[in-house]
Amino acid sequence: MEPDRSLGWNDALDASWQSIGAPGVPGRVSRIDRGWSSVMRHADDTELLRVRNLFVDVAVGDWVVPSDDGERVDHIIERTSAFTRRASHEGDRFEADVLAANIDVVFLVHAFGSPPNQRRLERELVLAYDSGAEPVVVLTKVDLVADPEPTRRELAEVALGAPVLIVSGLEGIGIDPVLDHARGNKTLAFLGASGVGKSTLVNALLDSEVMDTGHVREGDQRGRHTTVAAQLLRLPGEGWLIDTPGVRAVSLWLSGDGIERAFADVFDLMDHCRFRDCKHDREPGCAVRAAVDAGDLDPRRLASLERLVAEEHALEEEQERFMRRADRRRKPRPTD
């Protein structure tokens, strides 16, 4: 039996499934609770299969093949995309934390009512590009401001062509352009700090009060996160969304080309430096410094790029040290 395409199954997933012999019937993970996955086989399923996550690393949005007895996950179909960050717990700092899998569009959610945060958006864009999904910036709570344009323009400066949508989940403003991205049974995911109005937006997209919403503080418009576990939810008409808990810290994992794509404007300037190994400090013929001096490049953006590159480099070194220690522990001790 073929997997249900209305659940988000596509040709890329099908090719991966066929490459391992097309075992079983893949279903999609809709929720994870303490070592158990809730798996959907059909878009209209009302009763979900509960499967243990024994020795497998699954995320909401994954396609899995349960064992014949339904007790465990036998296979995870190769992901087409994964929104991954560094694990937030100190003891797991060398582990990847997959927030959502097999997503087509990542909405990076910010809110009116607090100062626009370009530096956070830059980090989110790196994660989004590395995920393999398309990033879209969403500005919520437009009902709180008289003129949304200054904030929209400030975030668009670092979005580098990624769409910037303006919405109000409370007033139902701008909902249709968000839903347009789900056409073709695509999967949407949302990333945003606590209190930016994700749950209110999700309720507006679903046209129902599915998600609990909370209040934000008057002073800084911050609030507690009201989503406590990621889950896959069906959108009206077609498409799916994965709602994730509010993410306070945006920690990088090992990057692919996310930094280069999120800072494409700066990397374009670097290509015009006189020296290939230019440090963009005081070298003659540095196109980056020339752009800063001319006011064409915000020095804060350059500093942000340098911090992210340094953070990724430090993480790579940490990972290498961790792997070397693990290898030493696995080697048998010499015997006399």
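**Exercise 1. The cavity.** Which strands each supply at least two residues of the lining of the largest cavity?

*Solution.* The structure under study is a predicted model. Step one is to establish what there is to examine: the count comes to one cavity of 30 Å³ or more, and the largest cavity has a volume of about 30 Å³. Step two is to list the lining, which consists of Phe83, Leu99, Ala100, Val106, Ala189, Phe190, Leu191 and Thr244. Step three is to assign these residues to strands. β7 (96-101) and β11 each contribute at least two of them. The greatest contribution comes from β11, with three residues.

**Exercise 2. The nonpolar cores.** Determine which residues touch the most other members of the largest nonpolar core, and describe the surroundings of Phe83.

*Solution.* The largest nonpolar core comprises 53 residues, and within it Phe83, Ile103 and Phe263 touch the most other members. Helix α2 (residues 118-131) provides the largest share of this core, namely six residues. For the surroundings of Phe83, neighbours within four places in sequence are first set aside; the contacts that remain are Asp97, Val98, Leu99, Ala100, Ile103, Val106, Leu127, Ala128, Ser131 and Leu191. Another core, of 21 residues, lies apart from the largest one and includes Phe107, Leu201, Leu205 and Leu233.

**Exercise 3. Helix α1.** Explain why the buried residues of helix α1 lie on the same side.

*Solution.* First, the buried residues of α1 (residues 11-19) are identified as Leu13, Asp14, Ser16 and Trp17. These residues lie on the same side of α1 because they cover an arc of only 160 degrees around the axis. Next, their partner is sought: the buried residues of α1 pack against β4 (63-66). The face turned away from the buried side carries the exposed residues Asp11 and Ser19. Finally, the two ends are inspected. At the start of α1, a side-chain oxygen of Asn10 comes to within 3.2 Å of the backbone nitrogen of Ala12. Following α1 is Gly21, with a positive phi near 95 degrees.

**Exercise 4. Helix α5.** How many of the nine residues of helix α5 are buried, and what covers them?

*Solution.* Seven of the nine residues of α5 (residues 198-206) are buried, so the helix is mostly covered under the cut-off of 20% relative accessible area. The buried residues are Lys198, Ser199, Leu201, Val202, Asn203, Leu205 and Leu206. Their cover includes the strands β8 (105-111), β9 (134-140), β11 (187-192), β12 (231-234) and β13 (240-243), together with helix α4 (175-180). Just after α5, Asp207 adopts a positive phi of about 55 degrees.

Terms used:
Residues are numbered from 1 along each chain as its sequence is written. This is a predicted model: local features need pLDDT of at least 70, side-chain atom pairs count only at pLDDT 80 or more; totals for chains, interfaces and linings use all residues. Side-chain values use heavy atoms; hydrogens and water are left out. A nonpolar core is a set of buried Ala, Val, Leu, Ile, Met, Phe, Trp, Tyr and Cys residues joined through side-chain atoms within 4.5 Å. Buried means under 20% relative accessible area, exposed over 50%, partly exposed in between (1.4 Å probe, protein chains only). Helices (H or I, at least four residues) and strands (E, at least two) are DSSP runs, numbered from the N terminus. Contact means heavy atoms within 4.5 Å. The arc is that of the directions from the helix axis to the C-beta atoms. A polar contact is a pair of N or O atoms within 3.5 Å; within protein, one must be able to donate a hydrogen and the other to accept it, and residues adjacent in sequence count only if both atoms are side-chain atoms. On a 1 Å grid over the protein atoms alone, a cavity is a set of points where a 1.4 Å probe fits but cannot get out, and a pocket is an open set with protein on both sides within 12 Å along at least five of seven lines; lining residues have an atom within 4 Å of a point. Grid points are joined across faces, edges and corners, and a volume is the space filled by probe spheres set on the points.
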